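Reader: I am new to reading protein models. Could we go through this one by question and answer?

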Amino acid sequence: MAEQGSWIRRGLRDALRVCCRAWGIVRTRGPSEVQFWFIALLVGIAAGLGAIAFRFGIEAIETWLYGTDDVAHLHSAASALDWWWILLIPMAGGLAVGLILNRYTDDNQVRSVADVIEGAALYDGRVSRRKGLASTAASFITLSTGGSTGREGPVVHLAALISSYVSRWINADGITGRDLLGCAVAAAVSASFNAPIAGALFALEVVLRHFAVHAFAPIVIASVAGTVINRLVFGDVTEFRIPNQDVITFYGELPAFLLLGLLCGVISVVFMRSIFWADGIGNAVQARLKLPRYLRPVVAGTLLGALAIFYPHIIGVGYETTSDALTGRLLMHEAVVFVAIKIVAVAITMAGRMGGGVFSPSLMVGALTGLAFGIVATGLFPDVSGEGTLYALAGMGAVAAAVLGAPISTTLIVFELTGDWQTGIAVMVSVSLSSALASRLVDRSFFLSQLERRGVHLAAGPQAYLLSTFQVASVMRSMDHPRAADPDACAALIREGTYVSEDMTLDRAMPLLESTGSSFIPVVVTAAGDGPPDLRGALFQVDALRAFNRALSATAAEEHS
C-alpha cells in the first residue's frame, strides 16, 4: 500500500513537472499550433461566459428597476410607470457612470469596439485593462438604467480584455495576440446572438480586418464555443421571430430593394454623423459651462429620461420595437417617428459619454426604416410587392452593415438572428448598396470614423498607420554609431529649430525630415528650463524607410499566411 502511494506521488510530481515545463515553453517560445487551438477554445469559453453573464446582469437590474418579468417587453412595462421614476433611473445611472469614468479614465470616455480595432492594429492585440474594466462597468450601468445603446460593443471589449490578459500571461507575439483577440471577439458575438458564422466573420472582417488562413481555424473554434454556451443557456432559438412569408417570386421587385439600400445608406450616415455632431456639441457646452466631467453623463441621463417619458421605446437595447417592426405591428407614422427618436436617443447617450454600442440601435433603426419603405412600396405596387416585413428585414441588415462597415458578417448575422435564409437576395442587394454609399460619405464605418477623429488613421490601410507604431528612438543612429550624422550639421539644424524628440513617432517625424531636404534630422532631448536641447543622434530617411518597408512586409505576410 505504501509503495502504491509512493508511486502515485511520483506520478503526480512528474505530471506537475511536465505541465510546468510546457507552460514555460508556451511563455518563452509561444504556443504550438495545437496548443494555440486549445488556448483559443478556452478563450472562447471565457468570452462566451462573459457575454452571457453581462446579458443576465443587465436583464436582472432592468427587471428590478422597471418592474417587468420579461425584458423583451421593456418599454411596455416602462410606459406603465410614474413619469418621475422613468426620469430618475437614467439620471442615477448617469451619475454612477460619471463617477466611475472620472476616477478610472483620463478622458472620461468609454472604450468600445473602436479601441479593440486599434488594439489589433497598433498594440499587438492588447487593450488597456484599467480603462477597459471601467468602461465595462460604465456600459453595464448605462444599459441597465435605460441608456439607448446596445450591449454588443461592450461585450466585444470585455472579450478583448480577456484575450489581453491571456496574451500577457503567455507572452504572445503580435500575430498570436491578434489571433487570440479575434477568437475572443468571435466567441462574444456568437454567444450574444447564437450566430457562429457571423461571429467568426465579424472578428475577421471588422476587428482583424483580414481573412488570413492561419487565423481562421482558431477563430472558428472559439466562435463555436461561444455558440454552444448560448444554446446551453437559451436553447437553439433565434433572437427575432418573423412570420412565414413567400420567397421573392418576381424579380421586378428587386429594384425596390436597390432603392431601399440607398435610403438605408443615407439613414446610416445621418445616424453616425448625428452621434459625432452631438459629441461636438457636448464638448462645446461642457467647456463653455465649465461642467465637471462626472456630470456630463448625468445631463445625458436627464435628457434621456425626459425623452423616455413620452417615448419609452428608446429605453435599453430596443429589441421589442425591432421585433414589432419585423412582424409588421407598427404603422408607417410610428416607424418614421421611432427612427428619428431612436437616432436622437443614441446620440444623447453616446455624446453624454454613457457607454454602450451601436449595433443593436442600428438594427432597430434599419428595421423601422425598412418597414416604412415597405409600407409605401407595397401600397404603391401591391401586385408586384411581397410582404412589408421583408423590407424591414432587408433594412435591418442594410443600416447595420453600413454602420459597422461589415457587409459580409452583417448579412449573415441577419440570417442567423431571424432564421430566415430565403430572403437572401433582398438582404444582399440592400446591404451592398447601403455599404457602398455610406463608405464614401464617412471613413468606411462608425468605428473607423471614431478613430479618424482621434487622429488614428486605420481606414486607409497599413501604409497610413504603420509609421505611428515606431518611435524615433528605435530607428535613429546614436552619435557613437559608426555612420553617425555629422555633429556640426546637426548643430546647425538645431540652431534653426529643426529637430525631433526621441519619443516622437515616425508619422510625425517624417514630414519634418522631408521638409529639411536633408538625408537626416537631429534627435534631441529637450533640456529643462531654457537650456539648449541635448543632441542624442539623428534620424536618417533611409533608416525610417527601411523600418517602414519591413513593417509593411510583415503585415502583408500575416494577412496572406
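**Cavities, pockets and side chains**

Author: Yes. Keep in mind that this is a predicted model. We start with enclosed space: about 170 Å³ of it lies in the largest cavity.

Reader: Which residues lie nearest the centre of the largest cavity?

Author: The lining of this cavity has 19 residues. Helix 7 (152-169), helix 8 (174-193) and helix 17 (407-418) each give two or more of them. Nearest the centre are E152, V189, F202, F359 and L404.

Reader: How many residues of each class, nonpolar, polar and charged, are in the lining of the largest cavity?

Author: Sort the lining residues of the largest cavity by class. The counts are 12 nonpolar, six polar and one charged.

Reader: Which helix gives the most to the lining of the second largest cavity?

Author: The second largest cavity holds about 40 Å³ of space. Its lining consists of Y66, I86, P90, G146, L304, G305, A308, I314 and I315. Two elements give two or more residues to this lining, helix 4 and helix 12. With three residues, the one that gives the most is helix 12.

Reader: How many residues of the lining of the second largest cavity are charged?

Author: Count by class again. Seven residues of this lining are nonpolar and two are polar. The number of charged residues is none.

Reader: What span does helix 12 reach from its first C-alpha to its last?

Author: Helix 12 covers residues 296-310, which is 15 residues. At 1.5 Å a residue, 21 Å is expected. The model comes close to that, with a span of 22 Å.

Reader: Which helices are included in what covers the buried residues of helix 12?

Author: First, the buried residues of helix 12: R296, P297, V298, A300, G301, L304, G305, L307 and A308. L304, G305 and A308 also appear in the lining of the second largest cavity. The cover over the buried residues includes helix 4 (83-104), helix 11 (254-289) and helix 14 (332-351).

Reader: Which helix gives the most to the lining of the largest pocket?

Author: The largest pocket has a volume of about 780 Å³. It is lined by 37 residues, and L208, R209, P462, Y465 and E559 are the closest to its centre. Several helices supply at least two residues each, including helix 5 (113-122), helix 9 (196-208) and helix 18 (424-441). With five residues, the one that gives the most is helix 24.

Reader: How many residues in the lining of the largest pocket are charged?

Author: The lining of the largest pocket divides into three classes. There are 22 nonpolar residues and eight polar ones. The charged residues number seven.

Reader: Is the aromatic pair of W84 and W85 stacked or edge-to-face?

Author: The structure holds 10 aromatic pairs. In the pair of W84 and W85, the ring centres are 5.8 Å apart and the planes make an angle of 80°. An angle over 60 degrees is the cut-off to use here. The pair is therefore edge-to-face.

Reader: Are F257 and Y391 buried or exposed?

Author: These two form a stacked pair, 4.5 Å centre to centre with 10° between the planes. The pair links distant parts of the chain, 134 residues apart: F257 is in helix 11 and Y391 in helix 16 (residues 388-404). F257 has a relative accessible area of 0%, and Y391 also has 0%. Under 20% is the cut-off, so both are buried.

Reader: Which residue joins F257 and Y391 in one aromatic cluster?

Author: The cluster holds three residues, two of them being F257 and Y391. The other is F373.

Reader: Which residues does R130 touch, not counting those up to four places away in sequence?

Author: R130 sits in helix 6 (residues 129-144). It is partly exposed, at 47% relative accessibility. Leaving out sequence neighbours up to four places away, R130 touches R103 and Y104.

Reader: What is the phi of K290?

Author: Most residues other than glycine have a negative phi. K290 is not a glycine, yet its phi is positive. This residue lies in the loop between helix 11 and helix 12 and is exposed, at 70% relative accessibility. Its phi is about 55°.

Technical notes:
Residues numbered from 1 in each chain as written. Heavy atoms only, no water. Helix = DSSP H or I, 4+ residues; strand = E, 2+ residues; numbered from the N terminus. Expected span 1.5 Å × (residues − 1). Buried < 20%, exposed > 50% of the residue type's maximum accessible area, 1.4 Å probe, protein only. Contact = heavy atoms within 4.5 Å. 1 Å grid on protein atoms, 1.4 Å probe; cavity = no way out; pocket = protein on both sides within 12 Å on 5 of 7 lines; lining within 4 Å. Points joined across faces, edges and corners; volume = space filled by probe spheres on them. Nonpolar A, V, L, I, M, F, W, Y, C, P; charged D, E, K, R; others polar. Phe/Tyr/Trp six-rings, centres within 6.5 Å; stacked < 30°, edge-to-face > 60°.
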